[in-house]
Each structure stands twice: as C-alpha cells, then as structure tokens.
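Visitor: I should like to learn how to read the features of a structure that is new to me. May we take them in turn?

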Amino acid sequence: RHDHRLIHNIHNGKACLPHQEAMLRSNAFLRAAWGGLGSGKTTSGALAAFQLCLENPRTPEYGRAHPTFLIAGITRSTIRDSSYKALMEIIPSGMIEKERVADGEIYLNNGVKILMRTVRGTFTGITAFGAWLDEAHLLPSSEKWPDLQMRVRDARARTLGIIVTGVPVELAWLRTTFGMPEHAADPYRFTVHCDTYDNHYLSPIVLEQLKRSIGAADVETYLRGRWHKPDGAVFPEFESPRHVTAQEGNKGLPVHLSIDVGSQSAVVVAQDTPSILDAAGRHVPGQGLHVVDEEITDAIETGPTIARVLSRGWRLVPGTSVVCVDPRSHRDVIAAVRAAIPEGVRIVIRKQGEPEYDVAYGVRAMRAALKDAAGRTRLTFARSLPTTRRSLLTAMPSTRYKPNSQIVHKDNARDHQVDALRYIVCTRLPLLAPGKIIVTDRH
C-alpha cells in the first residue's frame, strides 16, 4: 500500500485510530468500515480513499483523460456533509488543482479526478480505479450496488479498490453483502468495526450525550459498531448469516405457493426440507421450510402472476403442494387461483375463528420457525432471493411494530411479502398446540 505513514502525517498531524490504521494497512480490494456514531468510520473511508488517489497518479497511458475516483452517496447533501467534508479535512489544500462544485468534481495535482455522484442518478460511462460508498446503511436496497462495483475496472490503474462505510443496521442487503461469515475468510475483503468508545478525539461531553440519546437495545449498533437488531423488530430472531443459506431450490421437487393479493401483490415460493438447523447450526432431521423464490407485482392479475412464477420451472404437485391465499381474498381471486394451478393442488384459505387467521398467531409461528426455545431453526431462505427495496429479505429485518404497541406497521411496500410468508408458515410449520405436546421421557 501507499506508505500509510505519509497519510498519518497528512491527517492534520493526528495519530490514526486503530481501525483507521487497519484500513490503511489492508491490501484487500473491498474495504468496509462499519461503525457507531462518532466512531471515525467516515474518516476511515476518507483516508482509504485518499490513499487510493495517491496510488493512482496520472500516467502517459491516460493521455488527456484523468484517472478517476468515484464517491457515491444517497443524496448530494449526504455526500457534502459526510464524505466530501471528511475528505477535504485530509487532502492538503495545495494538492487540489481545481474544484467544480456544481459538477461534483475535484481535480488533484497528480492528475486524479474525484467524482461525486448520488445513487439516485446513473453511473453510466464512468470507469474508475476506485469507489467509495458512504453512509451505505441509508440505501434501502442493493439495486445500485452491482452497478457501482462495475465502475471500478480501470485497466490502466496501478491499484483498484472499493471502500464502504456506514452504520451496521440490520438491513438484509447490507448483511448479506458485507456481514456473512464467509466474508471474513475472503482474502479480497477486509472489514473493521469502529467502536465509538475507542475514539479518544471525541469530547467526553459529546459521548455522554450520545449515550443518553441511544436506547440500551441500540448500543451495539450505534456505539459499538456491531450488527444488531434495533428496537421494535417484529422478527428479532432473524439473522442473515444463519437464515440466508447457499442452498438453492430444487426444481425437481414440489413447491408450495403463498399469495397475498392487493394493489401490490406478493407470491412466496417454498419447499419442504427433511432437515432443520440445531442451536449450533448443524443440520439435523426435522421438518423445515426453505423459501426459494418470490414474485412482487403491481396491479397484475392473479392468474398471470402465478403463471409467471411457474414459468420459472417450479412444480405444483397434486396431493403434495398447497397454495395459501390471503384469507380476505374475493371470490374472483380464489377462482383465478383455481384456474391457474393444476387440478388436485389444495388451496388453503383460513377462516375467521381459526388460530391461523390471527396475525399475532402467525407472527409467533414465524418467530418459532426462525428460532424456537431450543435454538432450532426450521425456516430458511435461499441466498439467490432478491434484496431489493420491496423484497422478502429486506422485509424480514425491517418489519416493525407500531410505537408502543404490538400491532405490525403496514407500509404497503414490504408487508405483502411478510403476510404471504406468514400464510405458508402457519400451514406447514404451525405452532404446536398444547394438547399435542409429545412427552419423550417418563420418570
């Protein structure tokens, strides 16, 4: 790496915090700094970004072009108040050749051009040696992440690198992209967690105010910089590293469908599994359910929606498969479902008065399937599922209760997927009724 001691001297003569030093020493292609408020994570990203800019000066191969570094954020104000501000505190003023604020461009005297772009725009046409995604937790989904990665492909560059900084909020796309167990073993990745308590440059008064403004349940995320479920989560048992697996669906085996119909409809596709996960994460015999696909639609009729799902090769088998439907569905919806599926496939519609009709029962069933009292997991999700703003993997960690209540907040964006999953879980993995408790040992 470019001599990190030089960066240290430029950093206003201040010694880097341990996690900042670690970021500078790493040779990984993707470096991520997840941290609490005031932990110095943004400065970590700025230092690593400037390091890449020093490592990739303009060479004759570029001709009149400039080696480019891309800074991305959710809005212009986010970039201005976070990444741009941190970078300007590090880069010596004498090294800035010119700055075009309106265009979001900074030119350094070594020929490097720094571009600042929002993820709401487009990265089309940009070829860069490096990119920095700041405040990544503000992005609701992974939709822009692949495009941002593909910008870092400059064949003339000496060093390529991507930097990501943010708060480790339990968003599915963040966790599955940056917080899975296998990421720690990937030699092309480096992750550091920045603890606010380790920032000795932070005023004790500021730290004390931060502690008072953050609930006890959120300390791990917002002060310790660790992945943690915030208050109000409906499914606190959901953990991406445990529940999102590499296991793909088997199109040679039957599937079940679960449908929630509305102005925005959702279909969940799941398969029965002969094994579950014990508390240690080992596969043991047991009846489980694995979500293998989903469909999210806007104002599309039920029949074509089901046809679209089945066109991907999933098989509904009479006598084995079930199709669960929103209990409040109109008769025409039920008729459309019957017409769209093979004859003999059972349709399950819960009626008022049945335990499974109740939302609270369904939530308890889902929580027990995610992790029961013995630590076992019976409900898992394929990693190939989308992580878009409205997808199921995004909905699971983000579903919240209304403040000071046990009523699930409906946002009309992600609740349809959760409702569809609830119907099939209630059918395939119902709660064990008190009268059905099995006694395995007698004394």
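Visitor: Is Cys 53 buried or exposed, and what is its relative accessible area?

Guide: Please note that this is a predicted model. A residue counts as buried when its relative accessible area is under 20%. Cys 53 has a value of 2%, so it is buried. Cys 194 is buried as well, at 0% relative accessibility.

Visitor: How many disulfides does a search of the whole structure find?

Guide: A disulfide requires two cysteine sulfur atoms within 2.5 Å. The search finds 0 of them. For Cys 53, the nearest cysteine sulfur is that of Cys 16, 16 Å away. For Cys 194, the nearest is again that of Cys 16, at 12 Å.

Visitor: What span should helix α3 have, and how many of its residues are buried?

Guide: At 1.5 Å a residue, the 15 residues of α3 (41-55) should span 21 Å, and the end C-alpha atoms are indeed 21 Å apart. Of these residues, 14 are buried, so the helix is largely enclosed by the rest of the structure.

Visitor: What is the order of the strands in the sheet?

Guide: Strands of a sheet pair through backbone hydrogen bonds, either parallel or antiparallel. Here, 8 strands form an open sheet with mixed pairing, in the order β3-β4-β5-β2-β6-β7-β1-β8. At the edges, β3 (96-100) and β8 (189-194) each pair on one side only. From one strand to the next, the twist averages 15°. Strands β2 and β6 run parallel and are joined by 4 bridges; Ala 72 has Leu 133 in β6 as its bridge partner.

Visitor: Which strands does helix α2 lie across?

Guide: Helix α2 (residues 18-25) lies across β1, β7 and β8, and runs at about 170° to β8.

Terms used:
Residues numbered from 1 in each chain as written. Predicted model: local features only at pLDDT ≥ 70, side-chain atom pairs only at ≥ 80, totals over all residues. Heavy atoms only, no water. Helix = DSSP H or I, 4+ residues; strand = E, 2+ residues; numbered from the N terminus. Expected span 1.5 Å × (residues − 1). Buried < 20%, exposed > 50% of the residue type's maximum accessible area, 1.4 Å probe, protein only. Pairing = 2+ DSSP bridges. Axes fitted to C-alpha atoms, helices over the stretch in contact; angles between N-to-C directions. Contact = heavy atoms within 4.5 Å.
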